[in-house]
Amino acid sequence: DETSAGENLSVVVADPAQIAFLGGYIAEMISSDFRAAGLFPNERSHLAEAFVNGGHYFCGRCVPIFAPVIFFPLTGSAADGSPASTWINAFEELHKNRIQTVFLSRQASSQDLIVHLAQQGITVLAETAPPEEQRSAVAAVIQVDALSALQNLLPELLAGSGGQVRRAPLVLSAIDEQRITPGKLRVIQEVIDDLSGGWIHP
């Protein structure tokens, strides 16, 4: 969320829309036949829009070869604070279209949902790190690199230049190199850099 800087207050902000955009981009990159989806809270429809934009940034129209032939990526939603069973039902509705990869927003993610996805061989992209026993289902975790933003801001603060606002860049962790190869990771990093530099608006 945005916070205003003050004369003696500098702020590092995170942009959830950038996370969703990158989630859509990576989900399409690692899904054969473009069969990717994301789960987002009803109250944050702009995140679902950013996710779809990220998917389209990678593959344009994202039309699969095999039936059912629809435009990907897809999104599902539930109310923020819904139990895992509700999110599982939202996924199952999407899975009628043979989903291969799912991005889980922070609000959707739960151990029960990840277990359900893993049992069906679904690849997961997450905003929060899963428990160790579910790591094999996760291709990567997309997080905000607040430490990097603070390190970049520190010289200005030490020089007495307060009142700065810095947007924290994104970083991937828990990367499964079988799904996200070093070559793919280099391309993803270019997108991260363009998001951080303001060249891409989610």
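**Helix H2 and the sheet it packs on**

In this predicted model, helix H2 (residues 45-59) has the length expected of it: at 1.5 Å a residue, its 15 residues should span 21 Å, and the 22 Å between its end C-alpha atoms agrees with this. Just beyond the helix comes Gly60, whose phi is positive at about 70°.

The buried residues of H2 are Leu47, Ala48, Ala50, Phe51, Val52, Gly54, Gly55 and Cys59. A helical repeat is a helpful guide in reading such a list, because an α-helix has 3.6 residues a turn and residues three or four places apart therefore point the same way. The cover over the buried residues of H2 includes helix H1 (16-30) along with strands S2 (36-41), S3 (74-78) and S4 (101-104).

These strands belong to an open sheet of six, ordered S3-S2-S4-S5-S6-S8 and mixed in its pairing. S3 and S8 (170-173) form the edges; each has a single partner strand, so one side of each lacks a neighbour in the sheet. Between neighbouring strands the average turn is 20°, direction ignored. H2 packs on this sheet through contacts with S2, S3 and S4, and its direction makes about 165° with that of S2. Elsewhere in the sheet, S5 (residues 123-126) and S6 (residues 138-144) run parallel and are joined by three bridges; Ala126 has Val141 of S6 as its bridge partner.

Turning to the whole protein, six helices and eight strands are found, in the order β-α-β-α-β-α-β-α-β-β-α-β-β-α from the N terminus. Of its 202 residues, 45% count as buried. Among contacts with a separation of 6 or more, 68% link residues 24 or more positions apart. The exposed surface comes to about 10,000 Å², with 51% supplied by carbon and sulfur atoms.

Key
Residues numbered from 1 in each chain as written. Predicted model: local features only at pLDDT ≥ 70, side-chain atom pairs only at ≥ 80, totals over all residues. Heavy atoms only, no water. Helix = DSSP H or I, 4+ residues; strand = E, 2+ residues; numbered from the N terminus. Buried < 20%, exposed > 50% of the residue type's maximum accessible area, 1.4 Å probe, protein only. Contact = heavy atoms within 4.5 Å. Areas by Shrake-Rupley, 256 points an atom, 1.4 Å probe, with all protein chains shown as cover. Expected span 1.5 Å × (residues − 1). Pairing = 2+ DSSP bridges. Axes fitted to C-alpha atoms, helices over the stretch in contact; angles between N-to-C directions.
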